[in-house]
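Hello,

Here is the structure I promised to pass on to you. Have a look at it first, and my notes follow below.

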Amino acid sequence: MSELIISGIQQMGVGIPDVHQAWKWYREYFGVDIRIFEEAAVAALMLPYTGGEPRERHAALAINLQGGGGFEIWQYRGRIPQPPAFQILPGDLGIYSCKIKCKDIKATHDFYLQKNAKVTPIYKDPSGSDFFYITDPYNNIFQVVKGNEWFSSGAFPTGGVYGAVIGVSDVEVSKKFYADILGYDTVVYDQTGNFEDMDQLSAMPNQYRRVLLNHSKPRKGAFSKLLGPSQIELIQVIDRTPRKIFEGRFWGDLGFIHLCFDINGMDIMRAKCKLAGYPFTVDTSANSDTFDMGEAAGSFAYIEDPDGGLIEFVETHKLPILKKIGWYLNLRKRNPEKALPGWMLKALRFNRVKN
């Protein structure tokens, strides 16, 4: 293979204290009710980020079939996941918020108000677009924004993951990283000043530089229609020294633990990241042709962004479509540039989990 393919954001990793309790909430509030896999196992390959020891965990990957990335809902077993030792503020280094796409901002805001969710007022971003925040029971903050592209129709007001709000120490350095490595090469806005939503979230006024990035090239590959386009928002606090969100903690502790991209061409990505100065820190394909994730299989790798935030790459080899009849898709036998047919992905509805 001669070309690297990025299909989109596969999932946001969320460290929580109880997989099933959290997933029930995410189904009810974000519609991520399609199980891709669920597995209890030992995270034996993440030693750089788990204190040098293999750690038992239980994880589930779930998606909203209307489109967008999924959630990898992740729970330690045999260890109590640790919260941050300080209040996380906008501009602290790492993934501050997960973007969720919706069809209509006002209607979605009303939907959450009717459910007595913890939501903010509706704000306007520097481009004039409406958005708001919702906080889950574990103090994770999600930014709900308008999405224009949908994989399938449905009654639920939101789709899945649409991107991330990431605290950075130097916007210019991070902007180059997300453009060169992940294709977010278009600046939607770049504004410095005070922002009402940031002041409310931090309960104090600070100066921020705020940059929203899109990708100019449409995503392609097997899951590109399902995952759709996405955004990265970089936040640099100007008049406060930021702290690392995962300072003194392990990957898998409470909060947003990584942002994962579905790719094809792991060898090309490895060489590209190394050349750019961001070598793989975890690499399953270095020792194995494929990595078994129970109901799914593939290879995965991690790099750190300029401030140490974790970016995961997954090359999917096997996907369960309809497990009841043993229908598993072998993606190695397909043209990697070609999107999977809609009818095939929509068959994932038979893996729906209901509350």
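**Strand 13 and its neighbours**

Arginine 210 stands opposite isoleucine 235, a residue of strand 13. This is a predicted model, in which local features need pLDDT of at least 70 and side-chain atom pairs count only at pLDDT 80 or more, while totals for chains, interfaces and linings use all residues. Residues are numbered from 1 along each chain as its sequence is written, and side-chain values use heavy atoms, with hydrogens and water left out.

Strands here are DSSP runs (E, at least two residues), numbered from the N terminus, and two of them pair if DSSP finds at least two bridges between them. Strand 12 (residues 208-214) runs antiparallel to strand 13, joined by 6 bridges. Strand 10 (residues 158-167) pairs with strand 13 in the parallel sense over 5 bridges, and there valine 165 has glutamate 233 as its bridge partner.

How many residues of strand 13 are buried (under 20% relative accessible area, 1.4 Å probe, protein chains only)? The count is 7 of the 7 in residues 231-237, so the strand is largely enclosed by the rest of the structure. In a regular strand, side chains alternate between the two faces of the sheet. Here both faces are covered: Gln231, Glu233, Ile235 and Val237 are buried on one side, and Ile232, Leu234 and Gln236 on the other.

Do take a look around strand 13 when you open the model, starting from the pairing with strand 12.

Best wishes

Terms used: Buried < 20%, exposed > 50% of the residue type's maximum accessible area, 1.4 Å probe, protein only. Helix = DSSP H or I, 4+ residues; strand = E, 2+ residues; numbered from the N terminus.
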